[in-house]
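Grab a coffee and work through a few exercises on side-chain contacts. Try each task yourself before you read the solution.

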Amino acid sequence: MIKLLSPALITTCFFLCIGSATAQNGPPPVTVAKPVVKTIVEDDEFVGRFEAEGEVIVRARVTGYLQSVHFKDGSLVEEGQLLYTIDQRQFQTVLRQAQAQIDVAQATYDFTEEQLERASALIANGNIAQSVLDERRESFLAAQGALE
């Protein structure tokens, strides 16, 4: 037959066993370290991006080949500063063509003016018809408009 032990007896045995085990081992070992003294620098890192304060877009008003560049990338430029030199040959050709057109218009104007003066003198004597005078006046006015 099995005899049961009372709970008070079991608790007492338990504490006696633990107490005898700690008495045999002694206190646990403790390690000690000296403090380290040094300067601590606080450093923060932030993620960001840089953007220019102002932005300028340079666009040419005319087309052509660049002959020279008068600034370096990233340098500061002043208002009115020469930036590029464009090849002038194309523009000189266009200028000469325009001057030739003016010369042609001037010659036409002079000729039609003389023809109108002749027709005005002849109409007074009745030697030409009024329609011829009107045609010469129309030619003169067209030449005047072309010259302007």
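The exercises below deal with charged pairs and then with aromatic rings, in what is a predicted model.

**Exercise 1.** Find which residue forms a salt bridge with arginine 89, and work out whether each partner is buried or exposed.

*Solution.* Start with the contact: arginine 89 pairs with aspartate 87, and their closest N and O atoms are 2.6 Å apart. That passes, because a salt bridge needs the nitrogen within 4 Å of the carboxyl oxygen. Next, check accessibility. Arginine 89 has 60% relative accessibility, so it counts as exposed. Aspartate 87 has a relative accessible area of 16%, so it is buried. The cut-offs behind those two calls are over 50% for exposed and under 20% for buried.

**Exercise 2.** The structure holds three salt bridges; locate the one in helix H3 and describe its partners.

*Solution.* Look along helix H3, which covers residues 130-147. Aspartate 134 and arginine 137 both sit there, three residues apart, or about one turn of the helix. Their side chains meet in a salt bridge, at 3.5 Å from N to O. Now for exposure: aspartate 134 is partly exposed, with a relative accessible area of 37%, and arginine 137 also counts as partly exposed, at 37% relative accessibility.

**Exercise 3.** Work out what glutamate 51 pairs with, and whether the partners are buried or exposed.

*Solution.* The partner is arginine 49, and the closest N and O atoms of this salt bridge are 3.2 Å apart. Both arginine 49 and glutamate 51 are exposed.

**Exercise 4.** Two aromatic pairs turn up in the structure; describe the geometry of the one with phenylalanine 71.

*Solution.* Phenylalanine 71 pairs with tyrosine 84, 5.5 Å centre to centre. The planes are 80 degrees apart, and the pair is edge-to-face, because angles over 60 degrees fall in that class. Then place the rings: phenylalanine 71 is in the loop between strand E1 (66-69) and strand E2 (84-86), while tyrosine 84 is in strand E2, so the pair ties together parts 13 residues apart in sequence. Phenylalanine 71 is partly exposed at 23% relative accessible area, as is tyrosine 84 at 33%.

**Exercise 5.** Say which parts the pair of tyrosine 109 and phenylalanine 140 ties together, and how its rings are arranged.

*Solution.* Geometry comes up front: the centres are 5.2 Å apart with 35 degrees between the planes, and the pair is tilted. Tyrosine 109 lies in helix H2 (residues 89-125) and phenylalanine 140 in helix H3, so parts 31 residues apart in sequence are tied together. Finally, tyrosine 109 is buried at 18% relative accessible area, and phenylalanine 140 counts as buried at 12%.

Conventions: Residues are numbered from 1 along each chain as its sequence is written. This is a predicted model: local features need pLDDT of at least 70, side-chain atom pairs count only at pLDDT 80 or more; totals for chains, interfaces and linings use all residues. Side-chain values use heavy atoms; hydrogens and water are left out. Buried means under 20% relative accessible area, exposed over 50%, partly exposed in between (1.4 Å probe, protein chains only). Helices (H or I, at least four residues) and strands (E, at least two) are DSSP runs, numbered from the N terminus. Rings of Phe, Tyr and Trp (its six-membered ring) pair if their centres lie within 6.5 Å; planes under 30 degrees apart count as stacked, over 60 as edge-to-face and the rest as tilted.
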